[in-house]
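Q: Could you take a close look at one part of this model for me, the helix at the start of the chain? I'd like to know how its geometry holds up, what it packs against and what sits around it.

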Amino acid sequence: LAKQIGSMIAKLHHNCRTVHGDLTTSNMILMPSSESEEKHSNSQNKRIYMIDFGLARVSTNIEEMAVDLYVLERALQSTHPELEGTSFFSNILKAYHEEEPSINKDIASTNKKKICSKDAVLNRLNAVRLRGRKRECFG
């Protein structure tokens with residue numbers, strides 16, 4: 001599941017150039033990947049879909065992408081405490097980083113903005129985390 005989530009977010013950010021704005025597990029649905037697999041409850045036979053794009057926006061802003069990831073990290077910590085001490089979020093970030101971009105030549109030729117790198121987003125995530133911790137400590 002972590003690999004699916006990370007890959008999906010990378011595609012959203014880097015292929016669609018979209019920031020979700022409310023990236024939580026409440027805005028993801030886990031469904032069978034086909035009717036024939038509906039009988040099996042194994043998560044490997046399931047596919048995750050993102051929903052609720054009400055706060056989404058088109059953006060190539062590194063900060064906004066990093067905040068998307070930070071919101072998901074915090075949501076996992078608060079709503080899925082059973083994941084604490086596991087590598088679930090690290091696996092999301094690994095899949096995010098490893099996802100190969102698919103470049104649409106029409107979009108690339110008309111898009112004047114530089115496409116940001118996943119490394120830049122993940123580096124910015126660390127800065128966002130530090131600001132979040134300061135806010136928690138000092139209000």
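A: Let's begin with the length of H1. At 1.5 Å a residue, its 14 residues should span 20 Å, and the end C-alpha atoms are 19 Å apart, so the two values agree. Bear in mind that this is a predicted model, so every number here is computed from predicted coordinates.

Next, how covered is H1? Mostly: 11 of its 14 residues are buried. The buried set is Ala2, Ile5, Gly6, Ser7, Met8, Ile9, Ala10, Leu12, His13, His14 and Asn15. For context, 35% of the 139 residues of the chain count as buried. A bit of helix background helps in reading such a list: an α-helix has 3.6 residues a turn, so residues three or four places apart point the same way.

Where does H1 sit in the overall layout? The chain has five helices and four strands, and along the sequence they follow the pattern α-β-β-β-β-α-α-α-α. Residues 24 or more positions apart account for 75% of the chain's contacts with a separation of 6 or more.

Now for the partners. Two packed helices are described by the angle between their axes and the distance between the axes. Take H3 (88–98) as one partner: the axes of H1 and H3 come within 7 Å and cross at roughly 45°. That makes H1 oblique to H3, and the crossing is right-handed. On the H1 side, the residues that meet H3 are Ala2, Lys3, Ile5, Gly6, Ser7, Ile9, Ala10, His13 and His14. Facing them in H3 are Phe88, Asn91, Ile92, Ala95 and Tyr96.

H2 (62–79) is another partner. H1 and H2 pack at an angle of about 155°, with their axes 11 Å apart. That makes H1 roughly antiparallel to H2. The contact is made by Ile5, Ile9, His13 and His14 of H1 together with Met65, Asp68, Leu69 and Leu72 of H2. This crossing is right-handed. Notice that Ile5, Ile9, His13 and His14 turn up in the H3 contact and again in the H2 contact.

What do these side chains belong to? In soluble globular proteins, nonpolar side chains tend to be buried together. Here the largest nonpolar core has 27 residues, and Ile5, Ile9, Leu69, Leu72, Ile92 and Tyr96 touch the most other members. The elements giving two or more residues to this core are H1, S3, H2, H3 and H5 (118–138). Leu69 shows how these pieces come together: leaving aside neighbours within four places in sequence, Leu69 is in contact with Ile9, His13, Phe89, Leu93, Tyr96, Val121, Leu122 and Leu125. So, on the H1 side, Leu69 meets both Ile9 and His13.

Let's move on to the end of H1. Just after the helix, Arg17 takes a positive phi of about 55°, and Arg17 is a residue other than glycine. Arg17 lies in the loop between H1 (2–15) and S1 (18–19). Is Arg17 buried or exposed? Its relative accessibility is 8%, so Arg17 counts as buried.

There is another residue with that kind of phi further along. Asp52, in the loop between S3 (46–50) and S4 (57–58), also has a positive phi near 55°. Its relative accessible area is 44%, so Asp52 is partly exposed. In that loop you will also find Gly54, which counts as exposed because its relative accessibility is 62%. The C-alpha atoms of Gly54 and His20 are separated by 8.2 Å, though the two residues are 34 apart along the chain.

Finally, the loop between S1 and S2 (28–32) has links to parts we have already met. Asn27 lies in this loop and, at 7% relative accessibility, counts as buried. Beyond four places in sequence, Asn27 touches His20, Asp22, Tyr49, Met50, Ile51 and Asp52, so the positive-phi Asp52 is one of its contacts. Thr24 is in that loop too; with a relative accessible area of 15%, Thr24 is buried. Its contacts beyond four places are Val71, Leu72 and Ala75. Thr24 and Asp68 are 44 residues apart in sequence and 9.0 Å apart in space, C-alpha to C-alpha. Asp68 and Leu72 also take part in the contact of H2 with H1.

Definitions and conventions:
Residues numbered from 1 in each chain as written. Predicted model: local features only at pLDDT ≥ 70, side-chain atom pairs only at ≥ 80, totals over all residues. Heavy atoms only, no water. Buried < 20%, exposed > 50% of the residue type's maximum accessible area, 1.4 Å probe, protein only. Expected span 1.5 Å × (residues − 1). Contact = heavy atoms within 4.5 Å. Core = buried A, V, L, I, M, F, W, Y, C linked by side-chain atoms within 4.5 Å. Axes fitted to C-alpha atoms, helices over the stretch in contact; angles between N-to-C directions. Parallel < 35°, antiparallel > 145°, perpendicular 65-115°, else oblique. Left-handed = near helix turned anticlockwise from the far one by under 90°.
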